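Let's take a walk through a protein model together, one piece at a time. Keep the picture in view and look up each element as we come to it.

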Amino acid sequence: MKKSEKSDVNLVEVKNLVKYFPVRAGLFQRVVAWVKAVDDVSFTVKYGETLGLVGESGCGKSTAGRTMLRLLEPTSGEMYFNGKNIFKLKGNDLKAIRKDLQIIFQDPYASLDPRVAIGESVMEGLKIHNIGTPKERFDIMIDTLKKVGLEDYHARRYPHEFSGGQRQRIGIARALALRPKFIVCDEPVSALDVSIQSQVLNILKDLQEEFELTYLFIAHNFSVVEHISDRVAVMYLGKIVELADRNELFLNPLHPYTQALMSAIPVPDPHLKRERIILKGDVPSPLNPPSGCRFHPRCRFATEICSLEEPLMRELKTKHYVACHYAEKFL
């Protein structure tokens with residue numbers, strides 16, 4: 001079935017996802033507090049689309065992505081893939097579904113074994129899932145390397161012999177080799193030069209079209225997210241505060257935090273000036289997040305209710321959701 005025919009079908013559905021990390025202290029290493037990295041996050045990703053997940057460093061984006069794939073075990077919540085709750089699966093059932101769920105890591109060098117030739121790294125997943133004969137696995141590996149812009153002779157080389165951009169292509173090839181349906185792209189271009197970023201982004205878009213892939217694209221660069229995403233979710237201190245179609249979000253951001261992030265995007269026109277919104281203070285600690293709206297200590301529109309009552313995620317415009325008590329004033 002073509003991507004356009006399935007555009008309204010949810011491939012991934014995350015419900016009330018929570019991931020807390022324990023803080024231990026004392027002689028017996030008792031739990032004395034919890035780092036609330038991801039706190040009650042819900043969203044969907046439609047078949048064949050790219051959902052951008054954006055926010056400041058430390059807001060919980062990568063933790064959410066890794067917890068969805070059970071690289072980190074969730075504290076609570078549900079994650080449905082093709083109608084199956086991933087968090088309920090065990091043993092062979094979990095292993096079987098893992099080939100449909102892959103990740104591209106932020107650091108392309110740290111995610112590769114320096115002692116293993118990259119051809120072997122790309123074939124590793126095929127071996128684990130017993131896909132094909134050794135000859136068929138080799139052919140898949142060579143074909144996959146070529147699809148990301150590498151050549152067959154690169155298969156015999158080791159990670160230290162490649163540039164950062166080439167290593168990220170290898171990371172994409174490893175994720176692609178199993179022909180997955182859903183890929184978490186965990187800031188895949190943040191460590192690359194700007195000229196290389198565009199090449200990698202174009203590779204991701206071409207592969208998505210060819211293999212009907214679905215992406216969760218995690219980034220803190222709004223310009224990158226605007227280029228690749230169909231919808232965008234904005235995250236702050238473990239919570240999603242705004243979710244909308246890409247064009248709608250960039251034309252009319254309704255949450256003060258989103259507006260502040262947008263104001264920092266450079267405008268490629270010396271005659272146009274954008275009002276710069278400077279946020280006061282630092283991001284609060286996820287150990288002890290503020291009561292009510294977590295953004296209220298830094299918000300220029302905050303009132304007493306913001307510190308007392310947590311705003312609910314509401315649909316203020318068609319498919320435009322925002323968690324803010326005063327979002328109507330920006331309509």
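The paragraphs below go from strands to helices and then to a few single residues.

Before we start, keep in mind that this is a predicted model.

Let's begin with the strands near the start of the numbering. Strand S1 covers residues 10–25 and strand S2 covers residues 30–46, and the two pair in the antiparallel sense over 13 bridges. One pair of partners you can look for is Val-23 and, in S2, Ala-33. Follow the chain from S1 into S2 and you will see a hairpin, with four residues between the two strands. In that turn sits Gly-26, which has a positive phi of about 90 degrees. S1 also pairs with strand S4 (residues 76–81), again in the antiparallel sense, over five bridges. Here Val-12 has Phe-81 in S4 as its bridge partner.

Now turn to another set of strands. Eight of them make an open sheet with mixed pairing, and their order across the sheet is S6-S7-S8-S3-S9-S10-S12-S11. The two edge strands are S6 (101–104) and S11 (314–317), each of which pairs on one side only. From one strand to the next, the twist averages 20 degrees. To see one of the pairings in detail, find strand S7 (residues 182–186) and strand S8 (residues 214–219), which run in the parallel sense and share five bridges. Within this pairing, Val-184 has Leu-216 in S8 as its bridge partner.

What lies across S3, S6 and S8? It is helix H6, which runs at about 160 degrees to S8. This helix gives us a handy way to move from the sheet to the helices.

H6 (residues 194–211) packs with helix H5 (residues 164–176) at an angle of about 15 degrees, and their axes are 10 Å apart. Why can we call the two helices roughly parallel? The term applies to angles under 35 degrees, so H5 is roughly parallel to H6. The crossing of H5 past H6 is right-handed. If you zoom in on where they meet, H5 brings Gly-165, Gln-168, Arg-169, Ile-172 and Leu-176, while H6 brings Ile-196, Gln-199, Val-200, Ile-203, Leu-204, Leu-207 and Phe-211. Sorted by class, this contact has eight nonpolar, three polar and one charged residues.

H5 has another packing partner to look at. Helix H3 (residues 118–128) packs with H5 at an angle of about 30 degrees, with axes 7 Å apart. These two helices are therefore roughly parallel to each other. Their crossing is right-handed. On the H3 side, Ile-118, Ser-121, Val-122 and Glu-124 take part, and they meet Ile-170, Ala-173 and Arg-174 in H5. The contact of H3 with H5 divides into four nonpolar, one polar and two charged residues.

Next, go back along the chain to helix H1 (residues 61–68). Is this helix mostly covered or mostly uncovered? It is mostly covered, since six of its eight residues are buried. Those buried residues are Lys-61, Thr-63, Ala-64, Gly-65, Thr-67 and Met-68. Just after H1 comes Arg-70, which takes a positive phi of about 65 degrees.

Let's finish with three single residues. His-154 is in the loop between helix H4 (134–147) and H5. Is His-154 buried or exposed? A residue counts as buried under 20% relative accessible area, and His-154 has 6% relative accessibility, so it is buried. Beyond its neighbours within four places in sequence, His-154 is in contact with Ile-118, Phe-162 and Gln-166. You have met Ile-118 already, as one of the H3 residues that meet H5.

For a contrast, find Lys-329 in the segment after strand S12 (320–322). With a relative accessible area of 53%, Lys-329 is exposed. From C-alpha to C-alpha, Lys-329 and Lys-36 are 30 Å apart in space, and 293 residues apart in sequence.

The third residue is Lys-84, in strand S5 (residues 84–85). Apart from its neighbours within four places in sequence, Lys-84 is in contact with Met-79 and Ile-97. Lys-84 and Leu-261 are 177 residues apart in sequence, and their C-alpha atoms are 35 Å apart in space.

Definitions and conventions: Residues are numbered from 1 along each chain as its sequence is written. This is a predicted model: local features need pLDDT of at least 70, side-chain atom pairs count only at pLDDT 80 or more; totals for chains, interfaces and linings use all residues. Side-chain values use heavy atoms; hydrogens and water are left out. Axes are lines fitted to C-alpha atoms, for helices over the stretch in contact, and angles run from 0 to 180 degrees between N-to-C directions. Angles under 35 degrees count as roughly parallel, over 145 as roughly antiparallel, 65 to 115 as roughly perpendicular and the rest as oblique. A crossing is left-handed if the near helix is turned anticlockwise from the far one by less than a right angle, and right-handed if clockwise. Contact means heavy atoms within 4.5 Å. Ala, Val, Leu, Ile, Met, Phe, Trp, Tyr, Cys and Pro count as nonpolar, Asp, Glu, Lys and Arg as charged, and the others, Gly among them, as polar. Buried means under 20% relative accessible area, exposed over 50%, partly exposed in between (1.4 Å probe, protein chains only). Two strands pair if DSSP finds at least two bridges between them.
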